[in-house]
Amino acid sequence: MARRRQLEAPSAEALKEIEAGIDQELSRTAVRPPIADVVADAAMRASPLPQADREAQAKDKVDAERLREAEGKGLVAVEIPIHQITADALSRDRMELNEDEMQELMTSISVNGLRLPIEVYVPQHVEDGAQYGLISGYRRLAAIRRLNAMSGGERFPTIVAFVRDPGGVKEALVAMIEENEVRAGLSQYERGRAAAMAVYDGVFPSVDEAVSVLFSTASKAKRSKIRSFALVHEDLGDLLSHAIAYSERQCLRLATALRAGLTEDIRAALERADPRDGDEEWLVMLPLVEQAEGAAPDPARGGRPKIKEKPVVSGREKMANGIEIARESGPNGYAIRFYGKEVTADLVDAVMDSVRHLLEPK
């Protein structure tokens with residue numbers, strides 16, 4: 001029987017000779033066996049990176065995922081060209097800017113830059129080349145645009161902003177109102193106007209739904225008042241020049257007059273007047289407001305007074321000097337009302353003297 005030969009591992013020199021022979025053979029055939037690629041790839045994967053490099057690679061992966069998630073939520077501030085932002089994508093709730101506050105804000109931005117980013121979103125429809133609609137930061141954006149205009153150029157060509165995904169215009173309106181309520185507060189009339197404009201823009205089908213969504217955190221009583229403020233804007237908004245100066249009580253009284261059916265009378269009075277401020281504008285409407293409040297409220301009950309009987313007002317007669325007069329009759333008797341800028345206290349006193357002379361026994 002032949003003796004079995006014991007196998008021995010090749011030496012390093014023998015391995016080198018084998019490898020050299022394989023390389024030489026491959027260079028002649030110009031064909032690389034597929035198994036060679038598999039082995040090379042497996043060898044590369046089996047060769048681990050140093051511990052520090054593996055930790056850095058893992059951290060980079062986590063950071064990238066976290067950044068993508070934050071960007072998706074609108075939590076990463078970006079720089080946006082000023083001309084790409086429109087402030088009118090949403091009907092603004094704030095109607096006027098306090099000039100002193102604007103000057104302070106402009107000075108702060110000019111010296112220290114913008115400290116708080118604005119909030120924007122991508123609207124479905126864009127106009128004038130704008131790509132973003134403003135949610136909050138109306139004063140900040142206006143201040144930077146003023147500074148650019150004053151400098152005669154683009155001193156601040158971009159503005160830092162959070163690009164939000166509000167899930168729709170409704171959420172964008174809520175965010176805008178919440179931001180203004182917290183930072184500066186809206187006037188009573190501006191609250192009602194915001195709800196009415198949201199209905200006008202087609203965002204909500206009714207004022208009730210607009211108020212319920214936009215002012216969801218307000219009490220039931222406050223939402224009821226805001227609906228009254230919205231009525232004032234719906235019926236008189238195109239004629240009122242100083243409504244944001246009205247108090248809550250004034251807005252509620254005016255809404256009562258509108259519900260009493262005096263809308264056309266109030267509009268006619270406003271069309272003839274040219275008030276210089278809120279006080280003068282209110283005085284124009286006050287006679288009609290008081291007319292709607294004809295019946296005294298029951299002191300035992302709260303809420304707005306109930307109108308028991310609407311006074312009857314005759315057609316107005318216009319005098320040569322422009323003054324208009326009308327006769328009013330109601331449960332409390334008769335009255336003569338005077339309308340027009342020319343009506344003064346002295347004129348009323350003169351009329352009263354004539355009436356007394358007429359009624360006194362001769």
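Here is a chat between a student and a tutor about this predicted model.

Student: Let's start with the whole thing. How many helices and strands does the protein have?
Tutor: We're looking at a predicted model, and the protein in it has 362 residues. Its secondary structure comes to 13 helices and 9 strands.

Student: What share of the residues is buried?
Tutor: Buried here means under 20% relative accessible area. Of the 362 residues in the protein, the share that is buried is 31%.

Student: And the surface, what percentage of that belongs to carbon and sulfur atoms?
Tutor: The accessible surface of the protein comes to about 23,700 Å². The part that belongs to carbon and sulfur atoms is 52%.

Student: Among contacts between residues at least 6 apart in sequence, what percentage join residues at least 24 apart?
Tutor: Start with the contacts in the protein between residues at least 6 apart in sequence. Within that group, the ones joining residues at least 24 apart make up 64%.

Student: Now some details. Is Met102 buried or exposed?
Tutor: Met102 sits in helix H4, which covers residues 99–112. Its C-alpha atom is 7.3 Å from that of Arg139, 37 residues away along the chain. The relative accessible area of Met102 is 0%, and the cut-off is under 20%, so Met102 is buried.

Student: Which residues does Gln84 contact, leaving aside neighbours within four places in sequence?
Tutor: You'll find Gln84 in the loop between strand S1 (77–81) and strand S2 (85–86). With a relative accessible area of 15%, Gln84 is buried. Leaving aside those neighbours within four places, its contacts are Ala130, Gln131 and Tyr132.

Student: What is the C-alpha to C-alpha separation of Tyr138 and Ala87?
Tutor: Tyr138 lies in helix H5, residues 138–151, and counts as partly exposed at 29% relative accessibility. In sequence, Tyr138 and Ala87 are 51 residues apart. In space, their C-alpha atoms are separated by 6.9 Å.

Student: On to helix packing. At roughly what angle do helices H9 and H10 cross?
Tutor: H9 spans residues 220–236 and H10 spans residues 248–259. The contact includes Phe229 and Leu231 of H9, and Leu252 and Leu254 of H10. H9 passes H10 in a left-handed crossing. Their axes come within 9 Å and cross at roughly 65 degrees.

Student: Which residues does Arg253 touch, not counting those up to four places away in sequence?
Tutor: Arg253 lies in helix H10 and counts as buried at 18% relative accessibility. Not counting residues up to four places away, Arg253 touches Trp282, Leu286, Val289, Glu290 and Glu293.

Student: How many salt bridges are there in the whole structure?
Tutor: Side chains of opposite charge can pair when their charged atoms come close. Searching the whole structure for such pairs gives a total of 6 salt bridges.

Student: Which residue forms a salt bridge with Arg227?
Tutor: The closest N and O atoms of this pair are 3.6 Å apart. The pair links distant parts of the chain, 19 residues apart, with Arg227 in helix H9 and its partner in helix H8 (residues 207–214). Arg227 is partly exposed at 26% relative accessibility, and the partner is partly exposed at 45%. That partner is Asp208.

Student: Asp238 and Arg267 form a salt bridge too; which of them is buried?
Tutor: Their closest N and O atoms are 2.9 Å apart. Asp238 is in the loop between H9 and H10, while Arg267 is in helix H11 (residues 263–272), 29 residues apart. Asp238 counts as exposed at 58% relative accessibility. The other partner has a relative accessible area of 18%, under the 20% cut-off, so the buried one is Arg267.

Student: What is the N to O distance in the salt bridge of Glu280 and Arg276?
Tutor: Glu280 counts as partly exposed at 25% relative accessibility, whereas Arg276 counts as exposed at 70%. Their side chains meet in a salt bridge with an N to O distance of 2.4 Å.

Student: Last one: which residues make the nonpolar surface patch of about 320 Å²?
Tutor: One of them is Leu358, placed in helix H13 (residues 345–359). Leu358 has a relative accessible area of 61%, so it counts as exposed. The full set making the patch is Val355, Leu358 and Leu359.

How values were computed:
Residues numbered from 1 in each chain as written. Predicted model: local features only at pLDDT ≥ 70, side-chain atom pairs only at ≥ 80, totals over all residues. Heavy atoms only, no water. Patch = residues over 30% accessible without salt bridge, like charges linked within 9 Å, V, L, I, M, F, W, Y side chains within 5 Å. Areas by Shrake-Rupley, 256 points an atom, 1.4 Å probe, with all protein chains shown as cover. Salt bridge = Lys/Arg side-chain N within 4 Å of Asp/Glu carboxyl O. Helix = DSSP H or I, 4+ residues; strand = E, 2+ residues; numbered from the N terminus. Buried < 20%, exposed > 50% of the residue type's maximum accessible area, 1.4 Å probe, protein only. Contact = heavy atoms within 4.5 Å. Axes fitted to C-alpha atoms, helices over the stretch in contact; angles between N-to-C directions. Left-handed = near helix turned anticlockwise from the far one by under 90°.
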